[in-house]
Amino acid sequence: MESNYEKQVLMARKLFLNYDQEKMIRKFHLDSDEQWIYLEFLNRIYRISRRTGEIFLSRCLSGGEHGGEDSKNSVPCMDYQIVMSLYDVLCYSAGIPVLSREWCPIYALQVTMSSPGTDTFTGKYAKLFSGDTERLRCACEKLGGEQPGIAARADVCWQFRVFPFFSVQLRFWDGDDEFEPKLQLLWDSNSLDFMHFETLYYVQGHLMERLKEEFEEISG
């Protein structure tokens, strides 16, 4: 039986087909051919069928060959956070969105200023990374992140290219005898021109899980 998440993925897939694909390709300068639209998401390349809307995860690394139509080079993707993020940024984004280059916490993006904080969510990752900042830096680099030109006053400051046209910044302060470790994700102040507010939570969830995987694969 299909889960509610799977049902929503299939519904979103059908809705995707109602949108102008040529427009989204031009808007974000995406690679495409007659059958596929290709989109990089957190250092992995996904391809979207122009006929069915189905999303596949390419087995190749970002920047490599797309893998053509050979099924051995890609696998179907039904991960809710991933597919909803891809569909939303392609279909929702207003006009031709432009980054402000000004960073802010997620709660500052809602006009009502009533959105929930993320301390509980980020806190579990802060505890995981605590005491091993060098390992965290290595994990950030493995995930395709880069150190920003102007580093913040944090023990670890890294910027991730979520999409080729959209980045998120991570700041981490390690703990000590007096203070708990703290992790903060910062967003461009124009983020809601690119995707719905709830989609930001899908993006941050996927980002942190990918970073956790990279961190745990590195020998402590």
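User: Quick one to start: what kind of link do the side chains of Arg137 and Glu134 meet in?
Analyst: A salt bridge, with 3.2 Å from N to O. Keep in mind that this is a predicted model.

User: OK. Where do Arg137 and Glu134 lie?
Analyst: They both lie in helix α5, which covers residues 133-142. They're three residues apart, about one turn of the helix.

User: Are those two buried, exposed or partly exposed?
Analyst: Arg137 has 25% relative accessibility, so it counts as partly exposed. Glu134 is at 48%, so it counts as partly exposed too.

User: How many salt bridges does the count come to?
Analyst: Six. One of them joins Glu22 and Arg50, with the closest N and O atoms 2.6 Å apart.

User: Which parts does that pair tie together?
Analyst: Glu22 sits in helix α2 (residues 21-28), while Arg50 is in the loop between β2 (44-49) and β3 (55-61), so the salt bridge ties together parts that are 28 residues apart in sequence.

User: And Arg50, buried or exposed?
Analyst: Buried, because its relative accessibility is 18% and the cut-off for buried is under 20%. Its partner Glu22 is at 39%, so that one counts as partly exposed.

User: Back to helix α5 for a sec. Which residue does Lys142 form a salt bridge with?
Analyst: Glu214, and the closest N and O atoms are 3.3 Å apart. Lys142 is in helix α5 and Glu214 is in helix α6 (residues 197-217), so this pair ties together parts 72 residues apart in sequence.

User: What about accessibility for those two?
Analyst: Glu214 counts as buried, at 13% relative accessibility. Lys142 is partly exposed, with a relative accessible area of 40%.

User: Which residues are linked with Lys142 in a network?
Analyst: Glu214 and Glu217; together with Lys142 they're linked in a network of salt bridges.

User: Switching to strands. How many residues of strand β6 are buried?
Analyst: Six of the eight, so β6 (residues 156-163) is largely enclosed by the rest of the structure.

User: How many bridges join β6 to strand β7?
Analyst: Seven, and the two strands run antiparallel. Strand β7 spans residues 166-173.

User: What joins β6 to β7 along the chain?
Analyst: A hairpin, through two residues.

User: Which residue in β7 does Arg161 stand opposite?
Analyst: Ser167.

User: There's a cysteine in β6 as well, Cys157. Buried or exposed?
Analyst: Buried, as its relative accessible area is 8%. Cys104 counts as buried too, at 11% relative accessibility.

User: How many disulfides does the count come to?
Analyst: Zero. For Cys157, the nearest cysteine sulfur is that of Cys140, 9.5 Å away. A disulfide needs sulfur atoms within 2.5 Å, so that pair doesn't make one.

User: Last topic, Tyr38. Which strand is it found in?
Analyst: Strand β1, residues 36-41. Tyr38 is buried, with a relative accessible area of 7%.

User: Which side chain does the side chain of Tyr38 make a polar contact with?
Analyst: That of Asp33, at 2.9 Å.

User: And what separates the C-alpha atoms of Tyr38 and Ile55?
Analyst: They're separated by 9.6 Å, with the two residues 17 apart along the chain.

Technical notes: Residues numbered from 1 in each chain as written. Predicted model: local features only at pLDDT ≥ 70, side-chain atom pairs only at ≥ 80, totals over all residues. Heavy atoms only, no water. Buried < 20%, exposed > 50% of the residue type's maximum accessible area, 1.4 Å probe, protein only. Helix = DSSP H or I, 4+ residues; strand = E, 2+ residues; numbered from the N terminus. Pairing = 2+ DSSP bridges. Salt bridge = Lys/Arg side-chain N within 4 Å of Asp/Glu carboxyl O. Polar contact = N/O pair within 3.5 Å; in protein donor to acceptor, adjacent residues only side chain to side chain.
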